Amino acid sequence: MRDLCQRIPTWSKLDNWALELLVEKVLSSHPHPLSVGDALRRVFEAVASGILLSIGPGLLDPCEKDTTDAIMKLTNQEREDITASAQHALRLITFRQIHKVLGMDPLPPPKFNRGSSVIASSRQQTRK
């Protein structure tokens, strides 16, 4: 997530403390440990649902004595842009384009398909 904040200008408006609070609150709300991929998806789902919008619940800072929103310095437009970016990232992940979200080259396709070799060998046996 920090890499995302450094690479994508929209996300750079979210400071490290707010990002850490966001990730901690989203992941601690799940009853079981998550894989890295599922955790990343869950964070994007929370942001895409509008948690950062001004009409949303906000992101309360547990270190402040008074009720303080950790993202109060974000404008409404910045909040909407981050929400839209998270929605776009979810679409990319859903359509197997996570490499674009992570800012890396796509993995090469597998050299062989386990299912096709099993099918091919069973076809050969039935022909004999």
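Here is a short note on this predicted model, point by point.

1. **Ground rules.** This is a predicted model, where local features need pLDDT of at least 70, side-chain atom pairs count only at pLDDT 80 or more, and totals for chains, interfaces and linings use all residues. Residues are numbered from 1 along each chain as its sequence is written, and side-chain values use heavy atoms, with hydrogens and water left out.

2. **The overall plan.** The protein has 7 helices and 0 strands, so reading from the N terminus you meet α-α-α-α-α-α-α, where helices (H or I, at least four residues) and strands (E, at least two) are DSSP runs numbered from the N terminus. Of its 128 residues, 28% count as buried. Here buried means under 20% relative accessible area, exposed means over 50%, and partly exposed is in between (1.4 Å probe, protein chains only). Among contacts (heavy atoms within 4.5 Å) with a separation of 6 or more, 58% join residues 24 or more positions apart.

3. **The nonpolar core.** A nonpolar core is a set of buried Ala, Val, Leu, Ile, Met, Phe, Trp, Tyr and Cys residues joined through side-chain atoms within 4.5 Å. The largest one here holds 27 residues, and the members touching the most others are Trp11, Leu14, Leu22, Phe44, Val47, Ile71 and Ile82. At least two residues of this core come from each of α1 (2-7), α3 (16-28), α4 and α5. Leu14 makes a nice example: leaving out residues up to four places away in sequence, Leu14 touches Cys5, Leu19, Leu22, Ile71, Leu74 and Ile82. As a general point, nonpolar side chains tend to be buried together in soluble globular proteins.

4. **Helix α4.** This helix has 13 residues and reaches 18 Å from its first C-alpha to its last, close to the 18 Å expected at 1.5 Å a residue. The expected span is 1.5 Å times one less than the number of residues. Which residues of α4 are buried? They are Ala39, Leu40, Val43, Phe44, Ala46, Val47 and Ala48. The buried residues of α4 pack against α1, α2, α3, α5 and α6. Gly50 follows α4 and has a positive phi, near 105°.

5. **Arg41, on the α4 side.** Arg41 lies in helix α4 and counts as partly exposed because its relative accessibility is 30%. Apart from neighbours within four places in sequence, Arg41 is in contact with Leu90, Ile93 and Thr94. Arg41 and Ile93 are 52 residues apart along the chain, yet their C-alpha atoms are separated by 7.9 Å.

6. **Helix α5.** The 19 residues of α5 (residues 76-94) should span 27 Å at 1.5 Å a residue, and the end C-alpha atoms are indeed 27 Å apart. Its buried residues are Arg79, Ile82, Thr83, Ser85, Ala86, Ala89, Leu90, Leu92 and Ile93. These buried residues pack against α2 (9-12), α4 (36-48) and α6 (98-102).

7. **Arg96, just past α5.** Arg96 sits in the loop between α5 and α6. Its phi is positive, about 60°, although Arg96 is not a glycine. Is Arg96 buried or exposed? Arg96 is exposed, with a relative accessible area of 74%.

8. **The largest pocket.** A pocket is found on a 1 Å grid over the protein atoms alone: an open set of points where a 1.4 Å probe fits, with protein on both sides within 12 Å along at least five of seven lines. Lining residues have an atom within 4 Å of a point. The largest pocket holds about 190 Å³ of space, a volume being the space filled by probe spheres set on the points, which are joined across faces, edges and corners. Arg96, Ile98, His99, Leu102, Met104, Pro106, Leu107 and Pro108 line the largest pocket. They divide into 6 nonpolar, 1 polar and 1 charged, where Ala, Val, Leu, Ile, Met, Phe, Trp, Tyr, Cys and Pro count as nonpolar, Asp, Glu, Lys and Arg as charged, and the others, Gly among them, as polar.

9. **His99 and Gly103.** His99 lies in helix α6 and is buried, because its relative accessibility is 16%. Setting aside residues up to four places away in sequence, His99 touches Met104, Asp105 and Pro106. Gly103 lies in the loop between α6 and α7 (114-127). Gly103 and Asp3 are 100 residues apart in sequence and 8.9 Å apart in space, C-alpha to C-alpha.
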